[in-house]
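This briefing is meant to be read slowly, with the structure open beside the text. It takes up a few topics in turn, and each term is best checked against the picture.

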Amino acid sequence: MRGLQIVHWGEPYVLNTSIPVPSPAKGQLLIKIASAGYCHTETLVLNGDFARLALRDPLPQIPSHEPTGWVAAVGEGVDGEKWKVGMRVGCLNYRDMCGSCKECKAGDLKFCTHANLAGVTADGAFAEYMLASPQSTIPLPASISFDNAAPLFCAGATVYCGLLRCALSPGQAVAILGCGALGHLGVQFAKVMGLRVVAIDSRQAPLDLCATLSHPLDKCINSSLTPVNDALAKLPFEVDAAVVATDAIPAYRYALELTRKHGTVVVLGQPKEDIPVPYFQLIMRDLTIKGSVLSSPEDCQDMINMFAEHNLEVRTHVYKMEEISKLIEDTHKPEMSGKMVVRIAEEF
Ligand SMILES: [Zn+2]
Ligand SMILES: [Zn+2]
């Protein structure tokens, strides 16, 4: 099969046309990939930052952990009534959960100590076929195209779960800092959840994109033009929680100062530098800081249902595997907004 591979850490992907098609072992699905997303985390994976989590030497490794496609084959022991060949699906990246560790027993599959992480510590979705586990594979309704669905399986799941971790009730207010791939989905989920939504970015392009979404936001703030004290003075309501979906360190300071006393700040970004947390915010303002990544399969299913029912939008830029260097170059352009997707097979 054709696929992109990391052959050496830190070096550009190689397009390999003779990768053997994997065969599903007991309990696995084989997925024929339609479209797969390029996540911000790909840079960290390429640099080998996650190699220490791998259960075996992962190189050469196929990147991408935002897979969508069709069930192509089912392994022994998989319920063939539920997982029919040809079924449209998307997959969360954790697979091959052991079922016996503390996390698995608690039902927290994404933290399984023995799981493989597709596209992160094991082969992922930038290829014609990929292995998956039924437990972390989600059926896709026909109304969501594969190009639009791919970003939902990391960016969508992560920001949806981040919002759930804020534990807010309808009518309360959330600020989403960073309105790129995760943020532009998050602001829509938050509106459907009945929250007041403040979209914040230091770049104008993502804010302009958010302003065109069909679910109008309560406030858009360009943080490079609006110091946090001005934002606090102008907002007609308190911000109960903030979700930081960017690596930009100033966004964390902004979030900590913008969130009300006793509020919650959820960290979704993966900055290289340490995140600065002044003791004052913890002690004198009683803020709670949580991290979050991906979601449970159940929450992912709820998010997919919400996306379909409320006609939510994802802005994608679609490339072919051969155009991967152009995709990566475009990702780093400041005027870019939305999400990069590689289309591997056409929908039929
Ligand atoms: Zn990701
Ligand atoms: Zn486990």
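Two strands count as paired if DSSP finds at least two bridges between them. With that in mind, one can look at this model, which is predicted, and find six strands that form an open sheet with parallel pairing. The points below begin with that sheet, then move to a helix, a metal site and the aromatic pairs.

**The sheet**

- The strands of the open sheet follow the order β12-β11-β10-β13-β14-β15, and β12 (219–222) and β15 (288–291) stand at its edges with a single partner strand each, so one side of each is left without a neighbour in the sheet.
- Neighbouring strands of this sheet are turned against each other by 20 degrees on average, if direction is ignored.
- Strand β11 (residues 196–201) runs parallel to β12 and is joined to β12 by four bridges, and within this pairing valine 198 stands opposite lysine 219.

**Helix α5**

- Helix α5, which spans residues 181–192, is mostly covered, since 10 of its 12 residues are buried, among them Leu182, His184, Gln188 and Phe189.
- The elements that cover the buried residues of α5 include the strands β10 (173–177), β11 and β17 (339–343), together with the helices α4 (155–165), α6 (204–211) and α10 (297–309).
- Just after α5, glycine 194 takes a positive phi of about 85 degrees.

**The zinc site**

- The zinc ion (ligand 2) is coordinated by the SG atoms of Cys98, Cys101, Cys104 and Cys112, at 2.3 to 2.4 Å, and these donors follow the spacing C-x2-C-x2-C-x7-C along the chain.
- The angles among the four donor atoms are 101 to 119 degrees, and the site is tetrahedral.
- Cysteine 101 and cysteine 112 are both buried.

**Aromatic pairs**

- A search of the whole structure finds two aromatic pairs, one of which is formed by tryptophan 70 and phenylalanine 146, edge-to-face at 4.9 Å centre to centre with 70 degrees between the planes.
- Tryptophan 70 lies in strand β4 (residues 67–74) and phenylalanine 146 in helix α3 (residues 146–149), so that this pair links parts of the chain that are 76 residues apart.
- Tryptophan 70 counts as buried because its relative accessibility is 5%, and phenylalanine 146 is buried with a relative accessible area of 2%.
- Tyrosine 160 and phenylalanine 189 form an edge-to-face pair at 5.5 Å centre to centre, with 90 degrees between the planes; because tyrosine 160 lies in helix α4 and phenylalanine 189 in helix α5, the pair ties together parts 29 residues apart in sequence.

Notes. Residues are numbered from 1 along each chain as its sequence is written. Chains are lettered from A and ligands numbered from 1 in the order in which they are written. This is a predicted model: local features need pLDDT of at least 70, side-chain atom pairs count only at pLDDT 80 or more; totals for chains, interfaces and linings use all residues. Side-chain values use heavy atoms; hydrogens and water are left out. Donors are N, O and S atoms within 2.8 Å of the metal (3.2 Å for Na, K and Ca); water is not among the atoms, so sites may look incomplete. Four donors count as tetrahedral if all angles lie between 85 and 135 degrees; four count as square planar and six as octahedral if opposite donors are over 155 degrees apart and all others between 65 and 115; anything else is irregular. Buried means under 20% relative accessible area, exposed over 50%, partly exposed in between (1.4 Å probe, protein chains only). Helices (H or I, at least four residues) and strands (E, at least two) are DSSP runs, numbered from the N terminus. Axes are lines fitted to C-alpha atoms, for helices over the stretch in contact, and angles run from 0 to 180 degrees between N-to-C directions. Contact means heavy atoms within 4.5 Å. Rings of Phe, Tyr and Trp (its six-membered ring) pair if their centres lie within 6.5 Å; planes under 30 degrees apart count as stacked, over 60 as edge-to-face and the rest as tilted.
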